[in-house]
Amino acid sequence: MTWWMQFIVRLYPRAWRQRYGDELEALIEDAGPGWRVAVDVARGAAMMHLTMRFGPLRQHVRRLAATPAFALTAFVTMAVAIGANALIFSLVNGVLLRPLPFEDPDRLVGVSHVAPGFMPGPLKQGAFTYFTYRDAAETLEDIGLWMETAATITGRGEPEEVRGLAVTDGTLPLLRVQAALGRRFTAEDDAPGSRDTVMVSHRYWQRALGADPRAIGQSLVVDGRAREVIGVLPPGFRFLRHSPDVLLPLRLNRATVQIGLFRYDAIARLKPGVTLERAHADLARLIPGMPDRFPIPTGFSREMYDAFRLAPDVHPLIQDLFGNVSGMLWILFGAVALLMLVACANVANLFLVRAEAQRQALAVQLALGAGPARIAAQLLGEALLLSVASGAAGLLLAQGGLEAVRAIGPGGLPRLDEVRLDPAVMAFTFGIAVIAGVLFSLAPIARHARPNLSEALKENGRGSSDGLTRTRLRNALVTAQVAIAFVLLVGSALMMRTFLAIRDVDPGFRDPEGVLTLRITIPEAAIADPAAVALAHERILRGIEDVGGVQAVAVTSSVAMDGANRRDPLFVDRRDQAQGQMPPVRRMKWTAPGYFDTVGNRVVAGRDFEWDDVHGPRHVAIISENLARELFGGAAEALGQRLRPSPNGPWREIVGVTGDEHDDGPMRPATPIVYWPFMQHGFAPSRTTVERTLVYAIRTARVNDPALLGELQQAVWAVNPTLPLTRVETLRDVYARSTAQLSFTLVILGVAAGVTLLVGAVGLYGVIAYVVAQRRREVGIRMALGAGAGQVQRLFLARGLVLVATGLVAGAAIAVVASRALSAMLFEVSSLDPAAYVAAITALGGLAFVAIWLPARAATRVPLGIVLRG
Amino acid sequence: MTDPTLLVLASLADGDKHGYAIMADVREFAGLDLGPGTLYGAITRLEARGFIKALAADDRRRPYRLTVTGRQHLQAQLEALEPIVRVGTRRLKHA
């Protein structure tokens with residue numbers, strides 16, 4: 001035989017050649033060489049590869065298709081479970097596990113502070129801490145400040161408010177972000193008094209500047225001030241949760257910096273090899289010396305500063321991205337993992353039942369010399385085929401789920417638009433599918449790949465001791481399903497109770513769907529004089545009042561739950577603090593007449609602000625009822641008392657007390673709040689200050705009327721045509737956002753619990769139905785001997801209910817421990833809430849009863865003759 | 001009707017044959033050339049389904065025998081073909 005013909009024969013699979021190779025070669029020698037023969041043999045080799053590789057697959061498909069009800073139930077169960085796991089894993093992976101998209105992200109840290117002697121919770125960065133760290137920290141390569149800001153761009157058609165980020169000159173270099181075009185900010189750009197500059201995002205450059213490279217060097221009017229465009233950010237630039245359109249230099253004036261004012265966020269890059277602990281110690285070392293570097297404001301003292309107990313908090317930067325979503329995501333991951341367990345237990349059970357139904361066929365195969373390995377391979381192959389196919393379907397479901405999650409945008413999940421079913425998710429999904437497949441086949445393989453041959457052949461399916469072991473295994477699986485379903489049900493019930501409790505909270509406003517909110521900023525470049533700004537805001541407000549359908553309109557620096565969080569120490573007359581002591585910080589808002597009435601809050605005592613309080617030199621304040629109680633013992637007692645936001649400056653008289661506002665969300669206690677008129681005289685020493693950005697709250701029946709916004713715009717532009725209306729949303733939207741994380745958790749937990757319950761019920765039904773089928777003869781005989789249908793049904797019911805009761809007890813024990821993980825998300829509900837447990841028992845018990853009763857009833861309905869003959 | 005497995009079964013119906021003998025036989029009774037790759041593809045499938053079995057061989061040329069099930073299968077296949085042949089032939093005559 002020629003060498004090339006030998007080569008072609010070698011193309012056959014090795015196993016095939018061992019059996020047929022010699023014969024084929026002999027035949028080729030007999031037939032004689034030739035290109036026709038060569039082509040035929042090569043084609044035969046290819047076909048043989050296909051047959052040997054996919055032949056078993058075809059057999060598996062054929063065998064699964066022979067039991068369609070089994071195959072479909074197992075497929076759907078697994079597809080849903082794997083889909084839910086793939087979805088939540090894609091969120092965990094995309095949101096929590098993926099590193100930040102910057103070079104060497106492990107060395108990037110967020111730097112904030114704590115000051116337990118000043119206020120609980122985290123404190124941001126002050127200009128004085130920033131300059132000190134930048135000058136003297138030995139562990140940091142560099143530190144940069146950043147601050148989210150809104151910027152109004154004018155001079156290019158209609159005024160437009162864009163997302164801005166103010167940064168110091170070190171921020172971009174320490175992120176290793178280069179300009180795609182032009183250059184980054186330099187120390188000179190960041191110095192006060194230098195030329196005004198701006199960087200724009202790639203997106204803004206394309207959208208508004210026509211993607212023209214000559215845009216560099218052109219001027220852009222930002223907040224009424226012409227700035228030179230010096231650079232374009234790289235495409236897709238995103239900083240933590242922010243995708244800014246413009247970057248502005250922060251331009252802190254070192255000469256005027258004092259101790260205090262923690263208003264900036266900070267990031268830093270650690271020098272190579274530096275640990276978080278070392279960086280922390282390095283920065284902590286610098287804190288006591290800061291009052292020597294920067295002056296302490298009048299009214300404050302060195303003792304007060306020391307009493308703050310200021311300390312740095314150096315943490316991985318990625319933590320600033322997560323916020324509080326990581327706890328929620330891990331809880332959901334746990335829930336879908338439980339769902340997966342239940343689905344696996346159920347499908348494993350189905351496989352067991354099916355393998356037993358095929359026991360005789362398998363025993364015959366063994367008897368004919370198939371060998372245990374081949375039987376095992378067959379059982380494993382079927383299970384793997386089913387689980388991998390379910391995995392593929394699960395991925396499709398996960399993709400659909402991801403679209404839905406993106407559309408809802410729940411709970412402030414960061415980087416949601418970057419979450420993909422990427423290779424990591426695919427590998428995870430494939431991995432759990434394969435593991436599940438192996439698990440399903442383990443029990444059937446253990447039983448049937450080495451059966452007691454003679455017994456299996458003899459046995460015709462009734463009442464052997466071997467059958468008892470099998471039943472025990474299935475019972476254990478069903479009990480586990482009931483237990484896990486119970487845990488998830490308790491979780492859902494607790495979340496549901498939380499949701500209902502939250503609905504009963506009076507948030508400090510009424511009928512939020514009828515209140516439209518929007519923001520208007522009057523930049524200094526448009527109107528410089530504070531008094532004129534206050535007048536302009538009032539004129540805008542009057543203009544909006546005249547728009548048809550507007551029932552009431554008012555302004556405030558922040559509506560309830562919008563996330564604004566301005567706090568300062570509040571000094572109280574009468575209870576003046578001892579020297580060297582700081583009073584606690586309080587939430588502060590700036591507002592004007594009519595606000596409480598417009599949003600549906602009430603004035604409990606005294607009066608609302610008047611316009612003279614805003615424009616005139618009156619020094620007045622309004623406080624919330626809980627603050628009045630805390631400071632003065634009651635609302636009426638608070639009237640006439642005096643407050644101020646700094647240790648010097650004029651005292652301000654309390655003229656009114658209002659209902660409480662749940663400003664930090666309905667799940668948090670109502671926030672004690674001080675309201676000031678939005679223009680203040682002597683707030684900062686001998687100066688008049690005004691809130692330039694105000695939220696307009698408009699109560700109207702025309703919230704959904706698309707024409708309304710245009711009319712509002714005209715009313716605003718009649719006062720000043722350069723002012724854009726931004727962040728237009730209803731108060732209901734603001735409220736929904738503050739509870740979005742909770743709603744999302746509730747939905748996912750609810751779905752997981754519902755599916756688990758259903759899957760568990762199907763499993764229970766299957767087991768009882770199987771037992772009933774096994775004992776049909778016994779039932780027939782009992783009934784022939786005079787037993788009533790009820791009596792027989794009770795027999796099976798009792799058996800099923802024992803399983804359910806065992807599962808419930810086990811589930812309750814697990815739930816008591818597991819529900820503690822939820823406690824951070826619960827509101828006015830204990831994690832051991834009896835009502836939640838009763839609800840879960842009722843739901844599970846009810847469905848379980850039906851799942852048992854249906855097959856039990858069927859047992860007594862088969863005609864006697866058929867049963868006894870069968 | 002040119003299904004190689006059917007041709008192999010038909011060839012073995014009158015006695016055991018090795019590969020080259022089957023090829024020669026098929027060429028004679030059906031006028032078809034089965035290549036070695038095609039023939040051994042058919043032999044592999046038929047043996048896997050238990051329709052033929054390999055006999056002991058003195059040299060590399062191994063003879064094959066039709067099994068009882070193989071015979072039944074061939075019978076069934078031919079009976080299925082029979083009406084097609086009959087009707088087709090009759091209609092051609094009357095056409």
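Q: What makes Met78(A), Leu91(A), Phe239(A) and Phe440(A) stand out in the largest nonpolar core?
A: In this predicted model, the largest nonpolar core holds 139 residues, and these four touch the most other members. Membership requires buried residues joined through side-chain atoms within 4.5 Å.

Q: Which residues does Met78(A) touch, not counting those up to four places away in sequence?
A: Met78(A) touches Gly83(A), Met340(A), Ala343(A), Cys344(A), Val347(A), Ser390(A), Ala436(A) and Phe440(A). A second core lies apart from the largest one and has 51 residues, including Leu516(A) and Trp676(A).

Q: Why is strand β19 of chain A called mostly covered?
A: Buried means under 20% relative accessible area, and five of the five residues in β19(A), residues 620-624, are buried. Val620(A), Ile622(A) and Ser624(A) point one way, Ala621(A) and Ile623(A) the other. In a regular strand, side chains alternate between the two faces of the sheet.

Q: How do you know that β19(A) pairs with β21(A) and with β22(A)?
A: Pairing needs at least two bridges. β19(A) and β21(A) share five bridges in the parallel sense, one of them linking Ile622(A) to Gly656(A). β19(A) and β22(A) run antiparallel and are joined by two bridges; Ile623(A) has Val674(A) as its bridge partner in β22(A). Both pairs therefore satisfy the definition.

Q: How do you know what span to expect for helix α18 of chain A, residues 530-545?
A: The expected span is 1.5 Å times one less than the number of residues. For the 16 residues of α18(A) this gives 22 Å, and the end C-alpha atoms are 23 Å apart, so the values agree. Among the buried residues of α18(A) are Val533(A), His537(A), Ile540(A) and Ile544(A).

How values were computed. Residues are numbered from 1 along each chain as its sequence is written. Chains are lettered from A and ligands numbered from 1 in the order in which they are written. This is a predicted model: local features need pLDDT of at least 70, side-chain atom pairs count only at pLDDT 80 or more; totals for chains, interfaces and linings use all residues. Side-chain values use heavy atoms; hydrogens and water are left out. Buried means under 20% relative accessible area, exposed over 50%, partly exposed in between (1.4 Å probe, protein chains only). Contact means heavy atoms within 4.5 Å. Helices (H or I, at least four residues) and strands (E, at least two) are DSSP runs, numbered from the N terminus.
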